[in-house]
Amino acid sequence: MKMVHFRLGVFATLTAISLIACATESEVLVSTTSTIAVATTLAESSTTVSAVPSFSATLGEPITDYDDPVDIAVRNGKALQSAAQSYIAERSGKIFELATDGIRGSQVLDISDLTIAQGEQGLLGLAFAPDGSSAYVNYTNLAGDTVIASFLITDDGTFDQASQNIITTIKQPYPNHNGGDIIVDADGALYVFMGDGGFANDPERYALDITSPLGKIWKITPTDGRWNTGEAWAVGLRNPWRAALDPVTNDLWIADVGQDHWEEINVVPFEQVQGVSFGWSAREGTHEFNADQQTLHETFTAVEPVYEYEHVDNNCSISGGVVYRGSQVPFTGTWYIFSDYCTGEVQALCVNDQRQNCGVIDLGIVEKSVGIVTDALGEAWVLSQNGLIVPIITS
């Protein structure tokens with residue numbers, strides 16, 4: 001595999017998720033299927049596996065009273081005095097403890113004075129240091145630029161707001177396509193999932209330009225207590241609102257929001273991510289897009305989507321997504337759960353041992369779904385901009 005390594009200079013300009021629309025106060029509408037115990041047939045190109053893939057899941061009763069929930073993150077590590085703790089982030093800038101039954105617990109951070117939840121902006125991502133001593137947040141500041149910051153966590157579990165350390169600020173040329181997710185590796189490095197800067201059609205051609213952090217997996221590394229300025233770890237992303245690591249295979253999954261026609265899901269072994277191109281804006285999914293970017297795309301190791309779907313029947317924007325590895329739903333094989341913001345359809349994609357699509361099943365509908373994430377027990381929740389979270393349960 002061809003590996004391309006990039007290292008860039010400082011992006012220290014001071015100062016979504018395709019959310020599509022701001023949060024609204026509307027009636028909670030959740031429909032669920034009655035039975036989804038479905039076994040799919042493997043694609044012809046796949047090889048025999050030990051068991052036929054199956055996923056016996058549906059949607060549970062929604063938990064309400066949230067305000068535009070956008071992310072759930074899990075805190076582990078020696079700094080935590082009890083079992084792993086889940087936290088839920090609301091786009092307005094507030095973070096709360098999250099109970100295993102989905103009930104919102106104590107507030108641990110409020111940075112609503114530092115961000116505005118509008119369009120695709122606001123508090124967008126949350127992650128924790130490996131030892132549980134600090135939290136990392138991804139938010140857009142009052143100027144609309146991306147801020148990656150850390151907060152120390154006190155003994156009572158709250159975040160010390162006065163301890164905020166701004167690790168980097170990344171200039172955003174337009175108000176949309178801010179990405180938002182953060183993944184932390186075992187060494188404490190941050191992988192920030194950045195959109196292409198916005199507007200439409202990658203107008204500034206940032207996504208494949210290694211002199212810009214936009215449209216990238218942007219890696220920021222701590223050394224002797226200080227953060228470097230970051231480097232492009234992978235390129236060619238349009239708006240990777242949600243990314244997730246499979247805890248069993250360590251594969252990286254990215255749901256990348258498309259432009260006008262195609263939504264896509266990518267999967268790559270995490271140890272092989274460095275130097276790859278996910279294609280945008282030379283391609284939208286598997287389809288040619290900006291022809292002037294094709295040659296540049298081909299200088300990297302190209303990744304083709306494992307799954308794409310078209311903007312038909314009101315589909316418009318993919319909301320990723322996690323591989324289910326919990327204990328509440330009977331399953332065999334590998335199933336990636338995702339949804340579409342406009343239709344609200346929640347689906348599970350089967351992928352075989354060769355990372356090939358082996359079928360999709362429907363789990364139900366959650367209006368204005370903005371993502372599927374897992375809690376400290378590994379159980380999956382669908383987050384809705386309507387102010388609710390919905391568990392994935394056994395059918």
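## Strand S5 and its neighbours

Ser86 stands opposite Leu98 in S6. The model described here is predicted, and this pairing belongs to a contact in which S5 and strand S6 (residues 94-98) run antiparallel over five bridges. The two strands form a hairpin with three residues between them. Within that turn, Gly93 has a positive phi of about 120°.

On strand S4 (residues 69-75), S5 has a further antiparallel partner, and six bridges join the two. Here Asp71 stands opposite Ala89 of S5. Strand S5 itself (residues 85-90) is mostly covered, with six of its six residues buried. Gln85, Tyr87 and Ala89 point one way from the strand, whereas Ser86, Ile88 and Glu90 point the other way. Residues on both sides, Glu90 among them, are buried.

## Strand S13 and the loop that follows

Strand S13 (residues 190-193) also has two described partners. Three bridges join it to strand S12 (residues 182-184) in the antiparallel sense, and Ile183 stands opposite Tyr191. The hairpin of S12 and S13 has five residues between the strands, and Gly188 takes a positive phi near 90° there. With strand S14 (residues 217-220), S13 pairs over four bridges, again antiparallel; the bridge partner of Leu190 in S14 is Ile220. Leu190 and Val192 point one way from S13 and Tyr191 and Phe193 the other way, and all are buried.

Two residues in loops beside these strands have positive phi values without being glycine. Phi of His177 is near 60°, and His177 is placed in the loop between strand S11 (165-170) and S12. Phe199 has a positive phi of about 65° and lies in the loop between S13 and S14. His177 counts as buried because its relative accessibility is 4%, under the 20% limit. Phe199 is exposed because its relative accessible area is 55%, over the 50% limit.

## The open sheet S18-S19-S20-S25

Four strands form an open sheet in the order S18-S19-S20-S25, with antiparallel pairing. Strand S18 (242-245) and strand S25 (307-310) are the edge strands, each pairing on one side only. From one strand to the next, the twist averages 10°. Strand S19 (residues 251-256) is joined to strand S20 (residues 262-269) by six antiparallel bridges, and Asp251 has Pro269 of S20 as its bridge partner.

## Aromatic rings and charged groups

The structure holds 16 aromatic pairs. One of them, between Trp280 and Phe289, is tilted, with 4.7 Å centre to centre and 40° between the planes. The two rings belong to residues in separate accessibility classes: Trp280 counts as buried because its relative accessibility is 3%, while Phe289 counts as partly exposed because its value is 23%. Elsewhere, ring pairs link Trp253, Tyr307, Tyr309, Tyr336 and Phe338 into a cluster.

Charged groups also lie over tryptophan rings. The charged end of Lys219 sits over the ring of Trp233, 4.1 Å from its centre. Arg242 lies over the face of Trp241, at 3.7 Å from the ring centre.

## The largest cavity and Trp280

The largest cavity has a volume of about 50 Å³. Its lining includes Arg238, Asp256, Val257, Gly258 and Trp262, together with Glu264, Trp280, Arg283, Glu284 and Gly285. S20 and strand S22 (283-284) each supply at least two residues of this lining.

Trp280, one of the lining residues, also takes part in a cis peptide bond. The bond from Trp280 to Ser281 has omega near 5°, and Ser281 lies in the loop between strand S21 (276-277) and S22.

## The largest pocket

About 950 Å³ of space lies in the largest pocket. Of the 34 residues that line it, the closest to its centre are Ala73, Val74, Ile183, Leu245 and Thr374. Ile183 is the residue that stands opposite Tyr191 in S13.

Several strands contribute to the pocket. S4, strand S8 (123-128), S12, S18, strand S26 (318-323) and strand S31 (369-374) each supply at least two residues of the lining. Among these, S4 is joined to S5, S12 forms a hairpin with S13, and S18 is an edge strand of the open sheet.

Notes: Residues numbered from 1 in each chain as written. Predicted model: local features only at pLDDT ≥ 70, side-chain atom pairs only at ≥ 80, totals over all residues. Heavy atoms only, no water. Phe/Tyr/Trp six-rings, centres within 6.5 Å; stacked < 30°, edge-to-face > 60°. Buried < 20%, exposed > 50% of the residue type's maximum accessible area, 1.4 Å probe, protein only. Lys NZ or Arg CZ within 6 Å of the ring centre and 35° of its normal. Pairing = 2+ DSSP bridges. Axes fitted to C-alpha atoms, helices over the stretch in contact; angles between N-to-C directions. 1 Å grid on protein atoms, 1.4 Å probe; cavity = no way out; pocket = protein on both sides within 12 Å on 5 of 7 lines; lining within 4 Å. Points joined across faces, edges and corners; volume = space filled by probe spheres on them.
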